[in-house]
Amino acid sequence: MSSVDNNANIRHGRTAHNMSSSSLRKKSDLTLVSKIRFPCLRRCLANIQEVILGTKLSVLFPAIPLAIIGQCFGFAEPWVFALSLLGLTPLAERVSFLTEQIAFYTGPTVGGLLNATCGNATELIIAIFALYGRKIDVVKYSLLGSILSNLLLVLGTSLFCGGIANLRKEQKYDRKQADVNSLLLLLALLCHMLPLLFKYAAASSDITAKATLQLSRASSIVMLIGYFAYLVFQLWTHREFFEAQEDDDDVTEETPVIGFWSGFAWLVGMTAIIALLSEFVVGTIEDASNSWGISVSFISIILLPIVGNAAEHAGAIIFAFKNKLDISLGVALGSATQIAVFVVPLCVIISWIMGITMDLNFNLLETGSLALAIIATAFTLQDGTSHYMKGFVLLLCYFVIGACFFLIKNLNYQFNPENKIKTKRIY
């Protein structure tokens, strides 16, 4: 297959995630770089300009060295936490850019697999470092927060803004992709609810704990099988369901702007920096919670997902303004599905390998919030049309859940006014 044909396949096979991230990119001016005589130096500077300056979020890159300096020189840990969060924002968008660049050389199928693997790399890396630090609650809260933010905040904002911007147009979207994602989310919800119900079904807490852990591991394997079947469905048998329909004004990159090995090296380097900043985030989250007077649950469920996925979320909202709801739904539902049936069960399996006890019992309040979010989203998307009221209701649901986790620390102190009893959950 010629390179022209391969590039055409990539162009017409771009997913919603690719197009969402591309909405925040900007064309680099290589006029000055092209005048450099030395080829190696010219290619190096061109790569730096394309990768570092090729995004509208490049202004946040200075937060990365500041976070590293702050950690090395003993700055206040809340500052390190905040700078690390800001630094993760452009990195998540750049990983999507690099996977798309590599896909020009590998083809749409391998590119889709890369996107499916690296699409939520930030959440997965933060979860692994939290597991290594035995902070199981941070893992559960951050992953739950990513699902809730995608289903309620991102989708709600997209539908609301799209409805306001297109009041005189009937907004429609293809339900095929939404139906598949909703089914997988319901599977994930079932796998979360059964371990929770074990707690109330068994007479002995010791028996319950062991059975819950075993059921969680078995359910995680089932979800991973479901996710791999989803990849086959998405990348081979029913690829047309997930390909974003793009107009000429949406196409910003028809050819690769960096080489394959350069893209691979940048991807490895970006992943290493994400890992470093994730370690900072996990290590300073409790000090930030104490300093700011807000619970770890609120930071993990609300702040981490919003900041960590800001680039992808902004892209979804931008396309909603353009009345391209298929792309917005692909971003919100696709990310929520990937976290629910891939990242969460993968964390359970990784913790099993590490000898750490992590199950799918997210407790009653958290699982109830997840269930209501999935049900509300399914009802919202059932007829294939949209208006701003649907988005507004989803946003209200998110605000209520956020208020709940913001106040839960005060409730914890109300039950333990002398703070003498240490609970197993971190609030």
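User: Helices (H or I, at least four residues) and strands (E, at least two) are taken as DSSP runs, numbered from the N terminus. How many of each make up the secondary structure of the protein chain?

Analyst: The model is predicted. The protein chain has 427 residues, of which 54% are buried. Its secondary structure comes to 17 helices and two strands.

User: Among contacts between residues at least 6 apart in sequence, what percentage joins residues at least 24 apart?

Analyst: A contact requires heavy atoms within 4.5 Å. Among such contacts in the protein chain, counted between residues at least 6 apart in sequence, the share that joins residues at least 24 apart is 84%.

User: Which helix contributes the largest share of the largest nonpolar core?

Analyst: This core holds 101 residues, and Phe 81, Val 139, Leu 151, Leu 329 and Cys 347 touch the most other members. The largest share of the core amounts to 16 residues, and these come from residues 325-354, that is, helix 15.

User: Leaving aside residues up to four places away in sequence, which residues does Leu 329 touch?

Analyst: Leu 329 is one of the core residues that touch the most other members. With residues up to four places away in sequence set aside, the partners of Leu 329 are Leu 155, Leu 159, Tyr 173, Ala 178, Gly 334 and Leu 381.

User: Is Ala 336 buried or exposed?

Analyst: Ala 336 is found in helix 15. Beyond its neighbours within four places in sequence, Ala 336 is in contact with Ile 147, Asn 150, Leu 151 and Leu 185. Ala 336 and Ser 149 are 187 residues apart in sequence, yet their C-alpha atoms are 8.4 Å apart in space. The relative accessibility of Ala 336 is 0%, so this residue counts as buried.

User: Are helix 5 and helix 6 roughly parallel or roughly antiparallel?

Analyst: Two packed helices are described by the angle between their axes and the distance between the axes. Helix 5 (residues 63-72) packs against helix 6 (residues 77-106) at about 150°, with the axes 8 Å apart. Angles over 145 degrees fall in the antiparallel class, so helix 5 and helix 6 are roughly antiparallel.

User: How many nonpolar, polar and charged residues does the contact of helix 5 with helix 6 have?

Analyst: Helix 5 passes helix 6 in a left-handed crossing. On one side stand Ala 63, Ile 64, Leu 66, Ala 67, Gly 70 and Gln 71 of helix 5, meeting Val 80, Leu 83, Ser 84, Leu 86, Gly 87 and Leu 91 of helix 6. By class, this contact has eight nonpolar, four polar and no charged residues.

User: Are helix 8 and helix 9 roughly parallel or roughly antiparallel?

Analyst: The axes of helix 8 (residues 121-132) and helix 9 (residues 136-165) are 8 Å apart and make an angle of about 165°. With the class boundary at 145 degrees, helix 8 and helix 9 are therefore roughly antiparallel.

User: Which class of residue is represented by seven members where helix 8 meets helix 9?

Analyst: Helix 8 crosses helix 9 in the left-handed sense. Glu 123, Ala 127, Ala 130 and Leu 131 of helix 8 meet Ile 136, Val 138, Val 139, Leu 143 and Ser 146 of helix 9. One residue in this contact is charged and one is polar, while the class with seven members is nonpolar.

User: Does Arg 134 count as buried or exposed?

Analyst: Arg 134 lies in the loop between helix 8 and helix 9. Its phi is positive, about 60°, although Arg 134 is not a glycine. A residue must pass 50% relative accessible area to be classed as exposed, and Arg 134, at 54%, counts as exposed.

User: What is the relative accessible area of Asn 323?

Analyst: Asn 323 lies in the loop between helix 14 (310-321) and helix 15. Phi of Asn 323 is near 65°, a positive value in a residue other than glycine. Asn 323 is partly exposed, with a relative accessible area of 24%.

User: What distance separates the C-alpha atoms of Val 281 and Leu 88?

Analyst: Val 281 is placed in helix 12 (residues 260-292), and its 1% relative accessibility makes it buried. Apart from residues up to four places away in sequence, Val 281 touches Phe 81, Ser 84, Leu 85, Leu 88 and Leu 304. Val 281 and Leu 88 are 193 residues apart along the chain, and the separation of their C-alpha atoms is 9.8 Å.

User: What is the C-alpha separation of Ser 386 and Gln 171?

Analyst: Ser 386 belongs to strand 2 (residues 385-386) and is buried, with a relative accessible area of 8%. Not counting residues up to four places away in sequence, Ser 386 touches Leu 159, Gln 171, Tyr 173 and Leu 325. Along the chain Ser 386 and Gln 171 are 215 residues apart, while their C-alpha atoms are separated by 5.4 Å.

Technical notes:
Residues numbered from 1 in each chain as written. Predicted model: local features only at pLDDT ≥ 70, side-chain atom pairs only at ≥ 80, totals over all residues. Heavy atoms only, no water. Axes fitted to C-alpha atoms, helices over the stretch in contact; angles between N-to-C directions. Parallel < 35°, antiparallel > 145°, perpendicular 65-115°, else oblique. Left-handed = near helix turned anticlockwise from the far one by under 90°. Nonpolar A, V, L, I, M, F, W, Y, C, P; charged D, E, K, R; others polar. Core = buried A, V, L, I, M, F, W, Y, C linked by side-chain atoms within 4.5 Å. Buried < 20%, exposed > 50% of the residue type's maximum accessible area, 1.4 Å probe, protein only.
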